[in-house]
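Here is a friendly walk through one protein model, meant to be read with the viewer open. Please keep the sequence at hand as you go.

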Amino acid sequence: MSDVLLDWVDDGVEPDRATRKSAVKASLDELARRAPGRSVEVRVPPFGAVQCVEGPRHTRGTPPNVVEADPRTWIALAIGRLTWDDAVAAGRVSASGSRAGEIAAFLPLRTP
């Protein structure tokens with residue numbers, strides 16, 4: 001992970017939009033690779049969303065299992081600077097549905 005992203009997560013120094021977008025998309029792709037499936041949708045607006053985690057497939061309408069986070073929070077989770085439990089408790093992550101929390105098992109995507 002680049003120093004620019006660590007500075008963003010640790011100190012709030014926001015990188016340019018292209019860097020933020022690239023980091024979010026790459027991390028979502030990695031999550032989908034590690035947790036293949038379509039039972040949980042992970043959204044990081046405005047940069048991306050993926051479906052992941054094995055189980056019942058969602059096909060239409062609002063998915064029953066949704067995780068949503070802002071880009072800075074998502075990157076903090078992905079690199080291990082923030083734990084799932086802390087993010088949920090602080091209201092930094094919205095997790096709805098009985099299976100949404102299953103993505104915690106795949107985080108961090110990179111060790112700090």
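The report below covers the sheet, the helices and two threonines.

## The model and its sheet

The model is a predicted one. A good place to start is its open sheet of 4 strands, which has the order β2-β1-β3-β4 and mixed pairing. The edges are taken by β2 and β4, each with a single partner strand, so one side of each has no neighbour in the sheet. On average, neighbouring strands are turned by 10° against each other, with direction ignored.

A helix also joins the picture here: α2 packs on the sheet and touches β1 and β2, and the direction of α2 makes about 5° with that of β2.

## Strand by strand

Let's look at β1, which spans residues 40-44. Is β1 mostly buried or exposed? Of its 5 residues, 4 are buried, so β1 is largely enclosed by the rest of the structure. On one flank, β1 runs antiparallel to β2 (residues 48-52), and 5 bridges join the two. Together β1 and β2 make a hairpin, with 3 residues between them. To find this pairing in the viewer, look for V44, which stands opposite G48 in β2.

The pairing of β1 with β3 (residues 66-69) is parallel and has 3 bridges. Two residue pairs help to locate it: E41 stands opposite V66 in β3, and R43 has E68 of β3 as its bridge partner.

From β3 the sheet continues to β4 (residues 93-96), and these two strands pair in the antiparallel sense over 4 bridges. V66 turns up again here, with S96 in β4 as its bridge partner. V66 thus has a place in both pairings of β3, standing across from E41 and bridging to S96.

## Two helices in contact

How do α2 and α3 pack, and at what angle? Helix α2 covers residues 17-34 and helix α3 covers residues 71-79; they pack at an angle of about 50°, and their axes are 10 Å apart. The two helices are therefore oblique to each other. The crossing in which α2 passes α3 is left-handed.

Which residues make the contact? From α2 come A23, V24, S27, L28 and L31, and they meet P71, W74, I75 and A78 of α3. Sorted by class, this contact has 8 nonpolar residues, 1 polar residue and no charged ones.

## Two threonines to inspect

T73 lies in helix α3. With a relative accessible area of 1%, T73 falls under the 20% cut-off and is therefore buried. What does T73 touch beyond its neighbours within four places in sequence? Its contacts are L82, R92 and V93. V93 belongs to the residue range of β4, 93-96.

T19 is found in helix α2. Its relative accessible area is 25%, so T19 counts as partly exposed, a class that lies between the 20% and 50% cut-offs. Not counting residues up to four places away in sequence, T19 touches V4 and L5. If you would like a distance to check in the viewer, try T19 and S2: they are 17 residues apart in sequence, and 9.9 Å separates them in space, C-alpha to C-alpha.

Technical notes. Residues are numbered from 1 along each chain as its sequence is written. This is a predicted model: local features need pLDDT of at least 70, side-chain atom pairs count only at pLDDT 80 or more; totals for chains, interfaces and linings use all residues. Side-chain values use heavy atoms; hydrogens and water are left out. Axes are lines fitted to C-alpha atoms, for helices over the stretch in contact, and angles run from 0 to 180 degrees between N-to-C directions. Angles under 35 degrees count as roughly parallel, over 145 as roughly antiparallel, 65 to 115 as roughly perpendicular and the rest as oblique. A crossing is left-handed if the near helix is turned anticlockwise from the far one by less than a right angle, and right-handed if clockwise. Contact means heavy atoms within 4.5 Å. Ala, Val, Leu, Ile, Met, Phe, Trp, Tyr, Cys and Pro count as nonpolar, Asp, Glu, Lys and Arg as charged, and the others, Gly among them, as polar. Buried means under 20% relative accessible area, exposed over 50%, partly exposed in between (1.4 Å probe, protein chains only). Two strands pair if DSSP finds at least two bridges between them.
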